[in-house]
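Hello,

Here is the structure I promised to pass on to you. Have a look at it first, and then read on for what turned up.

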Amino acid sequence: MNEHVLDIRFSSALKALLYLAVTAEQDPADPPTSSSAQLAEVLATNASLVRKLLVPLVHGGLVESTKGRAGGARLAKPAEEITLAEIYRCSIGDKPLWACRPDTAASCEVTANTAEFFSRLSADTEEAVLNVLGSRTLADSLAEVRALDVTAAAPGTAR
């Protein structure tokens, strides 16, 4: 596998959960489910990949899933109670944000200390990312997405 391929699990999971948040608004007391085929269409992928994407979200308690012909997925709790940090951790797992280049022979102060420096830098960066993601909920994100609606006309013009 090419190690330079970008990981899109978080963005895909976030997009799927945003979609589920919208569908939950139809009936907050008993939100409808969305099939893996419906989610696949939203994510422009296949239903099999969607089902694999949902597994860690179900295990993390963010999504409820029922199997079968009439089955589907829906949020396991209100969008206001789901942070982006939870979605990130469920979708990415323990994969580090960055990977340090493998150690080489220590021939100077740079090569002797770069791995430790990079490890600390990576940990600090990951903590900052998780703090930002932890301060935003799925509901906040949906409101932000709606504010960016590129299909909406400018204020004062017809839609």
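Let me start at one small spot: α3 is followed by Gly61, which has a positive phi, near 80°. Please keep in mind that this is a predicted model.

At the other end of this helix, Asn46 caps the N-terminal end of α3, with a side-chain oxygen 3.2 Å from the backbone nitrogen of Ser48. Between its ends, α3 has 13 residues and spans 19 Å from first to last C-alpha, close to the 18 Å expected at 1.5 Å a residue. Its buried residues are Val50, Leu53, Leu54 and Leu57, and they pack against α1, α2, β1 (63-66), β2 and α4.

Now for the wider view. The protein has six helices and two strands, which follow the pattern α-α-α-β-β-α-α-α along the sequence. Of its 159 residues, 28% are buried. Among contacts with a separation of 6 or more, 62% join residues 24 or more positions apart.

What lies inside? The largest nonpolar core has 31 residues, and Ile87 and Leu138 have the most contacts within it. Two or more residues each come from α1 (9-24), α2 (36-43), α3 (47-59), β2 (72-75), α4 (84-92) and α6 (138-147). The largest share, eight residues, is from α1.

Ile87 is a good residue to click on: leaving out residues up to four places away in sequence, Ile87 touches Phe10, Ala13, Leu14, Leu17, Leu57, Leu62, Ile82 and Leu138. Leu57 in that list is also one of the buried residues of α3.

Finally, the accessible surface comes to about 10700 Å², with 57% of it belonging to carbon and sulfur atoms.

Enjoy exploring!

Conventions: Residues numbered from 1 in each chain as written. Predicted model: local features only at pLDDT ≥ 70, side-chain atom pairs only at ≥ 80, totals over all residues. Heavy atoms only, no water. Core = buried A, V, L, I, M, F, W, Y, C linked by side-chain atoms within 4.5 Å. Buried < 20%, exposed > 50% of the residue type's maximum accessible area, 1.4 Å probe, protein only. Helix = DSSP H or I, 4+ residues; strand = E, 2+ residues; numbered from the N terminus. Contact = heavy atoms within 4.5 Å. Expected span 1.5 Å × (residues − 1). Polar contact = N/O pair within 3.5 Å; in protein donor to acceptor, adjacent residues only side chain to side chain. Areas by Shrake-Rupley, 256 points an atom, 1.4 Å probe, with all protein chains shown as cover.
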